[in-house]
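Here is a short tour of the structure for anyone who likes to check a model residue by residue. Have the coordinates open and follow along.

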Amino acid sequence: MDVVHHLFYGFSVALQPLNLLLCFLGVFIGTLVGVLPGIGPPGAMALLLPVTYGISPVGAIIMLAGIFYGAMYGGSTTSILVNIPGEAASVVTCIDGHQMALQGRAGPALGISAFGSFIAGTLGLVGLMLICNPLAEIAVKFGPTEYFSLMCLGLTILIYLTQGSIVRGLMMAGTGLFLSLIGQDIVTGSRRFTFGLIGLLDGVGLIPMVMGLYGVTDILLNLEKIADRTITKIKTQQILPTKEDWRRSAWPIGRGTLIGFFLGILPGGGIILSTFASYALEKKLSKHPEQFGQGAIEGVAGPEAANNAASSGSFIPLFALGIPPNVIIALLLGALMLHGIQPGPLLFTDHPDIFWGTVASMYIGNAMLLALNLPLIGMWVQILKIPYKTLFPLILLFCLIGVYCASGNVFDIYVMVIFGGLGYVMQKLGYEPAPLVIAFVLGPMLERNLRQALIMSGGSMGIFLSRPLSAASLLIALVAVVSATIPALQRRRKKVITEG
Amino acid sequence: MITSRRGKIEGFFWFGIGMIICILGWKAGLGSFQEPGSGFVAFVSGLLVSMLGLLFVFSGDSSKVLPDARSVSGQAFRGAPVFLLLFTVGVLLGYGLFLETLGYNITTFLLMWALFHLFYEKGKNRLVLSFLASVATTGVTYLVFEVWLRSQLPHGIFPWW
């Protein structure tokens, strides 16, 4: 009953006119970002972070969260119609979704994708409500030792599950950690690693860094493939799936929801991994696996449900522990911290409006997305027709304006461009930016907890092994790193990553 | 599998980066285990990076899970549009350089003209089209960000703009 009572309170927050408008803006922009290849949710969220300065923290999180799960909906549109995934979590939808479109069944593919996303997103929220609060009650008892070890574990799992090599991932994390230390020492207040540059006195900005690594880098990478897109013609009245489509999709949606929700909690590629896991499971369970890849509706319903349930699940580590499992949630963490709010177990008692308001807004947002994605599909198709040559300069301009408006400092434009260039080189050489960004966000918390733990223990590293949760976390992290060097486990990881 | 020569170069690069971080951490003050200083965590992260760099030098990338074949075959930049890339990065840096001097409208117009001109196909109308698109973009964004959102964009040496 407590949950129901809190949820009603959440709705009273989310249904305030301004929050309702922000929710709509968030899901609208999210769908747009999902539809348009070239800018992903992290870039869009970084772009809009400065806009949130003037609004309440709960309004800011409602809007930014809307962009996140909105992009999960929108990403399927390009996958089905153009065979280009709007974002990484929709890659697997291309396989059968586009085949359905080529067979003249784009409507049911888009329809089941939207309905499946709605059902999974809504059920995922129920899980979020039920798990978050009890987990937070346990997490209240955690000290700096547990937090430090949990952050190390989160970072290691992220690197383990991220595509690319573990060594490179660790190097990225080490670099991100160092970058996060630039500026003011959180304990002594002294300045460090600023190299005499005034622009670095407050540290490297999260917004220019993310905008560079995701926004500018995406554009630079896409400069190589400015190509024409062919869009399958569909009619709006064809959108609704048939009874047979529903019969075939019901179980895949249910299974996708479960897989997505639990994998979404994992740091790193949990969301992307869940879509491939769902696809692989449906293919395995199907009586006609040969239809997969030829336009099987189960191959659309399962993964689309999985990525939306995963987006709900990924909020759990943020709200219950204050630890972001992926870059997008790291940006939400950054947004909360910009408003002076520290996410974690105390959020439920100190700022219940933020957790319950956000959860309630997500129910509303999911319903809005259903309305946005079905009747307005024609509009999204028209947006897809905007040529890259017009789109790219506009995205670059929005990045520049966003970065400048966030700080009013030209230095941040340089930071963004430098990270954009570095991001391009990194991606070309097989270095993923996600470990760098997560380490950058976690860096100050990691440092504070490490230093506090060492001061508490009188300098003994044994404190990290004397507490059960801390010792277990560090042990799992160690096993993850070591396992990547064992040939048999290497092959298994490679299989998981290439399938996922 | 990573080519050994490239692996060594990358390894030495990261070893160097790690050592620089270590030195910076040491200079900032390591403190002690009982009371870690400002540079303690930086030193540890530098140590991690340099050790991983050495691992690259001596044994290559031991995990070898690199799905992008081009990134490991020494052809990572083959076919990259070098001029487009350098031009784009150059105009973005130029934007930062001139934004506060020339003001938002002039700098944005010049940036957009350069980018549209670069991306639009060659033809009789390229110059006119890119000019019109730049004027429209500058005008609309000025209206949205300066007039409606009051973002305080720089006016530069022409304060009446």
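Setting aside neighbours up to four places away in sequence, A:Leu332 makes contact with A:Ile61, A:Leu64, A:Ala65 and A:Leu318. Please keep in mind that this is a predicted model. Two of the residues just named, A:Leu332 and A:Leu64, are those with the most contacts inside the largest nonpolar core, which has 203 residues. That core lies between domain 1 (4–72) and domain 2 (82–148) of chain B, because both domains give residues to it. As a general background, nonpolar side chains in soluble globular proteins tend to be buried together.

**Where the chains meet**

How many residues does each chain bring to the contact? Chain A brings 53 residues and chain B brings 56 residues. On the side of chain A that touches chain B, the elements giving two or more residues are helices H8 (166–181), H18 (388–407), H19 (411–428), H20 (434–457) and H23 (487–499) of chain A. H8(A) gives the most to this side, with 10 residues. Sorted by class, the side of chain A that touches chain B holds 28 nonpolar, 15 polar and 10 charged residues.

**Chain B**

Chain B has six helices and zero strands, and from the N terminus on its elements run α-α-α-α-α-α. Of the 161 residues in chain B, 36% are buried. Among contacts in chain B with a separation of 6 or more, 58% come from residues 24 or more positions apart. Helix H2(B) is mostly covered, with 14 of its 20 residues buried.

**Two helices checked for length**

The table sets the expected span of two helices, at 1.5 Å a residue, beside the distance between their end C-alpha atoms.

| Helix | Residues | Expected span | End C-alpha distance |
|---|---|---|---|
| H2(B) | 40–59 (20 residues) | 28 Å | 28 Å |
| H10(A) | 243–265 (23 residues) | 33 Å | 33 Å |

For H2(B), the expected span and the end-to-end distance agree. The two values agree for H10(A) as well, and yet H10(A) has a kink of about 35° at A:Ser249, shortly before the proline A:Pro252.

**A pair of phenylalanines in one loop**

A:Phe193 lies in the loop between strand S2 (191–192) and helix H9 (206–222) of chain A, and A:Phe195 is found in the loop between S2 and H9 too. The phi angle of A:Phe193 is near 55°, a positive value in a residue other than glycine. For A:Phe195, phi is near 55° and again positive in a residue other than glycine.

Which of the words buried and exposed fits A:Phe193? A:Phe193 is buried, because 22 other C-beta atoms lie within 10 Å of its own and 20 or more are needed for that label. A:Phe195 has 7 C-beta neighbours inside 10 Å, so A:Phe195 counts as exposed; the cut-off for that label is 12 or fewer.

**A histidine with distant partners**

A:His6 sits in helix H1 (residues 2–14) of chain A. What does A:His6 touch, not counting residues up to four places away in sequence? Its partners are A:Pro352 and A:Trp356. A:His6 and A:Pro352 are 346 residues apart in sequence, while their C-alpha atoms are 8.4 Å apart in space. With 18 other C-beta atoms within 10 Å, A:His6 is partly exposed.

Definitions and conventions:
Residues are numbered from 1 along each chain as its sequence is written. Chains are lettered from A and ligands numbered from 1 in the order in which they are written. This is a predicted model: local features need pLDDT of at least 70, side-chain atom pairs count only at pLDDT 80 or more; totals for chains, interfaces and linings use all residues. Two residues are in contact if their C-beta atoms, placed from the backbone, lie within 7 Å. Helices (H or I, at least four residues) and strands (E, at least two) are DSSP runs, numbered from the N terminus. Ala, Val, Leu, Ile, Met, Phe, Trp, Tyr, Cys and Pro count as nonpolar, Asp, Glu, Lys and Arg as charged, and the others, Gly among them, as polar. A nonpolar core is a set of buried Ala, Val, Leu, Ile, Met, Phe, Trp, Tyr and Cys residues joined through C-beta atoms within 7 Å. Domain bounds come from an automatic or database domain assignment. The expected span of a helix is 1.5 Å times one less than its number of residues. The bend at a residue is the angle between axes fitted to the seven residues ending there and the seven starting there.
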